[in-house]
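Dear colleague,

Please find the structure below. My notes on the chain and its ligand follow.

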Amino acid sequence: MPTDLSADIHQAIAKVSERIKAACAQSQKDPARIRLLAVSKTKPAEMVRAAHAAGLRDFGENYVQEGVEKILALTDLRQEITWHFIGPLQSNKTKDVALHFDWIHSVDRDKIAHRLSEQRPADLPPLQVCLQVNVSGEASKSGISPELIASLAQVVAGLPRLSLRGLMAIPEPTDDISIQRARCRQLVNCFQQTRQSLPSDAQKTFDTLSMGMSADLESAIAESIPDADTMVRIGTALFGERQKTS
Ligand SMILES: *Cc1c(COP(=O)(O)O)cnc(C)c1O
């Protein structure tokens, strides 16, 4: 069983890496600017361990409790893994994120940002933050609407225990490549406007576009820009289908 797991992960990583490489070649992008974030939600800690052994270093979770359990189960790898919280966050769960994660991609209101900064322990580096943007309008309820990004960005950039790194989006699922690309382009436009609105020291570390999942990573790469990292968040293509929870 463990060898199968490891062989499966190696093969899946090779496939995803190949897709990333091909997409970069196709749209003339620098592969060094694409970061692979492995979304391990619903998958056991042992799968994360196997993926780490196969070379992956960034992992994303979207349920607080489950993520914390996995982080604690893999304490021996804590210095080598960067843990990203990518799910919706209620204000009564901010403390667990502030204590255990390195990044959060889903900040969408002042209250959450203030709590995270207050609860981030002084002996840890600042929590790295992306703001979640609603690029799908009516079709999605999660994320902040584009007009409100600049003011939230201002707040986050001013909080002592947070570091504002960029923007994230989860567009509505669609097979239509032109819609996929339009959503990513919208996020890129928001990113560029937001960066301009920030004080110059905050502009320097505002460098991350969190966009692209298993079904649309090619579109995300096609819309990526040279002066930001594009972090593609890949679950299914690395770890297989998840059990449906609803
Ligand atoms: C589950 C999830 C992903 C990964 O989705 P796949 O389609 O399985 O690659 C990416 N981002 C977020 C926020 C998720 O919740």
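In these notes Ala, Val, Leu, Ile, Met, Phe, Trp, Tyr, Cys and Pro count as nonpolar, Asp, Glu, Lys and Arg as charged, and the others, Gly among them, as polar. On that basis the shell around the ligand has five nonpolar, four polar and three charged residues. Its members, each with a heavy atom within 4 Å of the ligand, are Val39, Lys41, Asn62, Ile86, Ile170, Met213, Ser214, Arg233, Ile234, Gly235, Thr236 and Arg242.

This is a predicted model, in which local features need pLDDT of at least 70, side-chain atom pairs count only at pLDDT 80 or more, and totals for chains, interfaces and linings use all residues. Residues are numbered from 1 along each chain as its sequence is written, and side-chain values use heavy atoms, with hydrogens and water left out.

Polar contacts are pairs of N or O atoms within 3.5 Å. A polar side-chain atom of Thr236 is 2.5 Å from a ligand oxygen atom, one of Lys41 is 2.6 Å from a ligand oxygen atom, and a side-chain N or O atom of Asn62 is 3.2 Å from a ligand oxygen atom. Of the 390 Å² of accessible area that the ligand has on its own, the protein covers 91% (Shrake-Rupley method, 1.4 Å probe).

As for the fold, the protein chain has 10 helices and eight strands (DSSP runs: H or I of at least four residues, E of at least two). The C-alpha trace spans about 50 × 40 × 35 Å along its principal axes.

Regards

Terms used:
A polar contact is a pair of N or O atoms within 3.5 Å; within protein, one must be able to donate a hydrogen and the other to accept it, and residues adjacent in sequence count only if both atoms are side-chain atoms.
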